[in-house]
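Thanks for coming. I will take the cysteines to begin with, then the cores, then two sheets.

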Amino acid sequence: MKSESIWQKTAKRSPTASLQESISCEACVIGGGMAGVLTAYFLTQKGVDTVLVEASSIGSGQTKNTTAKITAQHGLKYAHLTHEFGIEAAKQYASINQGAISDYERIIEKHKIECDFEKCSSYLYTLEEEERVKAEYHAAKDAGLATYLTDETPLPFPVKLAMVFTDQAQFHPLKFLYALADTIRVYENSRVLTVDEHIVKTEKGEIRADHIVFACHYPFINVPGFYFAKQHQARSYAIALAQAPALDGVFFSADQNGFSFRNYKDFLLLGGGGHRTGENEDGGRYALLEAKAETWFPGCQLAARWSAQDCMPVGAVPYIGRYAESRPYWYVATGFGKWGMTSSMCAARVITGLILEKEEERGAVFAISRAKISFADDYAAESFQAVKNLSKELFSIPETYTNDLKKGESGVFIYNGVKAGVYRDENGDLFAIDTKCPHMGCQLTWNADEKSWDCPCHGSRFTYKGELIDGPAQADLLAAQEQE
C-alpha cells in the first residue's frame with residue numbers, strides 16, 4: 001500500500017502560482033505547513049504585508065502526516081519543565097499551549113472552516129510508568145491544567161494508570177490549513193535556495209523582506225543558529241483502520257514503545273513504532289502496527305498508512321523566537337517534538353508578537369533552553385551521532401556485486417566504479433545514488449518501510465531515485481553514474 005495519510009485521502013486543494021519575479025514585502029515566511037500558514041495569517045490580519053513561500057505545495061511537509069491532536073498534554077512534559085526550569089516555566093508552557101486550543105476554535109468559528117474540529121479529553125496512559133505518570137499529574141496540576149487520574153479507559157487493554165486532560169481537541173489538519181491558506185499571499189513550488197540578510201532567493205525570483213521567518217520544520221541555514229547541533233529528527237508510523245471501534249478521546253503512551261490512538265469519523269488511527277531517523281534498515285514498523293491492530297481489533301481493515309517526522313530538541317522545549325542574536329530580523333519555529341499542532345499555534349503567536357514589537361511574557365518559556373544551557377550531555381550525544389555517521393561514510397566497506405540484490409531490496413555497493421546506495425525495484429530495475437547527504441556529508445541509511453534513503457545525523461530524506469523528501473538538505477542526490 002502506498003504511504004498516504006488519511007488527511008491526504010480526504011482533502012484536496014488547487015495549487016497556486018510559483019514566484020516568477022523579484023518582490024519586496026514586510027515579512028517573508030518560509031514554509032507552508034501549519035506553523036508557517038498560521039504565522040502568515042496572524043501577520044496579515046495585523047496589517048503586515050506578508051508573503052509565504054513553499055518549496056512544494058501547502059501542507060505537503062509534516063502537517064499532512066500529523067495525527068492532529070490539539071492538546072496541552074505533551075507526554076511527560078510538566079514534571080520535566082518544573083525540574084529543569086522551575087514552576088513558572090511550566091505554568092507559561094501550560095498557559096500558551098492550552099490557549100492554542102482556544103485560538104484554533106476562534107479562527108475556525110470566525111472563518112466558518114469545516115475541518116471536523118471537536119473537543120475531547122486527552123489521555124496519557126501507562127502500562128509500566130505509574131510513578132512517573134503520578135509525578136506528571138502533580139506537575140501539570142501545579143502548572144494550572146485541569147486533569148485527573150484514572151485506571152479506566154476505553155482502550156482495548158488494561159492500563160496501570162492514565163492521566164486525563166479535559167477540554168482538548170482534534171481536527172482535520174489539511175481541511176483547516178487549506179482554508180486558512182486562502183486568506184494569505186502564497187507562492188507554491190518556490191523552493192528557497194539561500195537567505196542572505198534580508199534577501200530570500202528562490203529558483204526563479206527573490207524576495208526582499210524586513211523580517212524573515214523560518215517555519216520550514218528544520219532550519220536549512222546552519223550558521224548562525226547551529227540548530228543541527230540542538231536537535232535530531234525522529235520518525236513514527238501510523239495506520240488508519242476501518243471497522244474498528246470508536247474510542248472517546250485521544251490517547252498517548254508514557255511508555256517508551258507505546259502506541260497512540262484517536263478516531264477520525266469512521267476510522268481509528270493507530271500510531272507507534274518510532275525510531276531516530278536513519279535507524280530503520282530492517283523495517284517492520286507497519287507490520288508491527290498491523291499485527292497489533294489485528295490483535296486488539298479483530299476483523300478491522302487497513303485503510304491508509306503513513307509516517308511522520310519530528311524535530312526532537314535538546315531540553316524538550318521548542319525553539320521559537322529570534323533565529324540568532326546576530327540576525328534579530330530572522331525568526332525560527334522548530335523543535336516541536338511530537339506536538340506540532342499546538343506548537344505551531346504558539347509559534348505563530350510568539351513570532352507575530354516579536355515582529356509587531358509586542359513581545360509577550362508568555363513566549364519567554366521558549367527561550368529558556370537557549371538561556372540556560374544545562375544539557376551538555378545531550379549536545380555531546382548529537383555531535384557524537386554526526387561524527388559516527390561521517391566516519392561511516394569514510395570507513396564502511398560496500399559489497400562488491402549487485403547481482404544478488406533481490407527485487408525490493410537495497411544495499412551499499414560498488415556500482416560503476418563508485419560507492420553507491422543501490423535499490424532494485426519490483427520491475428528488476430536498479431537505481432544507484434550517492435549515499436553522502438548533501439546537507440553535511442553524513443552517510444545515508446536505508447528505510448525499508450518507506451523505501452527511502454534517510455540521514456541519521458540531521459534527518460534529511462530522499463526517495464530511492466534520489467529525490468529530496470525532507471530537509472534540512474536543499475538538493476536531490478546525484479545518481480551514481482553522474483560521479484564517474
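Cys442 counts as buried, because its relative accessibility is 1%; buried here means under 20% relative accessible area, exposed means over 50%, and partly exposed lies in between, with a 1.4 Å probe and protein chains only. Its partner Cys457 is buried as well, with a relative accessible area of 3%. Cys442 and Cys457 form a disulfide, with 2.1 Å between their sulfur atoms. The term is applied to a pair of cysteine sulfur atoms within 2.5 Å. In general, a disulfide is a covalent bond between the sulfur atoms of two cysteines. The structure holds one disulfide. The torsion about the S-S bond of Cys442 and Cys457 is about -100°, so this disulfide is left-handed.

Before I go on, a word on the source. This is a predicted model, in which local features need pLDDT of at least 70 and side-chain atom pairs count only at pLDDT 80 or more, while totals for chains, interfaces and linings use all residues. Residues are numbered from 1 along each chain as its sequence is written, and side-chain values use heavy atoms, with hydrogens and water left out.

Why is there no bond between Cys437 and Cys455? The sulfur of Cys437 has its closest cysteine sulfur in Cys455, at 4.2 Å, which is too far for a bond. Cys437 counts as buried, at 2% relative accessibility. For Cys25 the closest cysteine sulfur is in Cys28, 5.4 Å away, again too far for a bond. Cys25 is also buried, at 8% relative accessibility.

Now the cores. A nonpolar core is a set of buried Ala, Val, Leu, Ile, Met, Phe, Trp, Tyr and Cys residues joined through side-chain atoms within 4.5 Å. The largest one has 82 residues, and those touching the most other members include Leu38, Tyr104 and Phe176. Helix H4, residues 87-111, gives the most to this core, with 10 residues. Helices (H or I, at least four residues) and strands (E, at least two) are DSSP runs, numbered from the N terminus. A second, separate core has 25 residues, among them Cys25 and Tyr187. Back to Leu38: leaving aside residues up to four places away in sequence, Leu38 touches Tyr104, Ile107, Phe176, Leu180, Ser344, Met345 and Ala348. Contact means heavy atoms within 4.5 Å.

Next, the sheets. One open sheet has three strands in the order S18-S19-S20, with antiparallel pairing; two strands pair if DSSP finds at least two bridges between them. Strand S18 (410-415) and S20 are the edge strands, each pairing on one side only. S18 and S19 are paired over six bridges, and Val412 stands opposite Gly421 in S19. These two strands form a hairpin with two residues between them, and Asn416 in the turn has a positive phi of about 55°. Four bridges join strand S19 (residues 418-424) to S20, where Phe431 is the bridge partner of Tyr423.

Which side chains of S18 are buried? Gly411, Phe413 and Tyr415 point to one face and are buried, while Ser410, Val412 and Ile414 point to the other and are not.

The other sheet is also open: four strands in the order S21-S22-S23-S24, with antiparallel pairing. Its edge strands are S21 and strand S24 (468-470). S21 is joined to S22 by three bridges, and Thr445 stands opposite Asp454 in S22.
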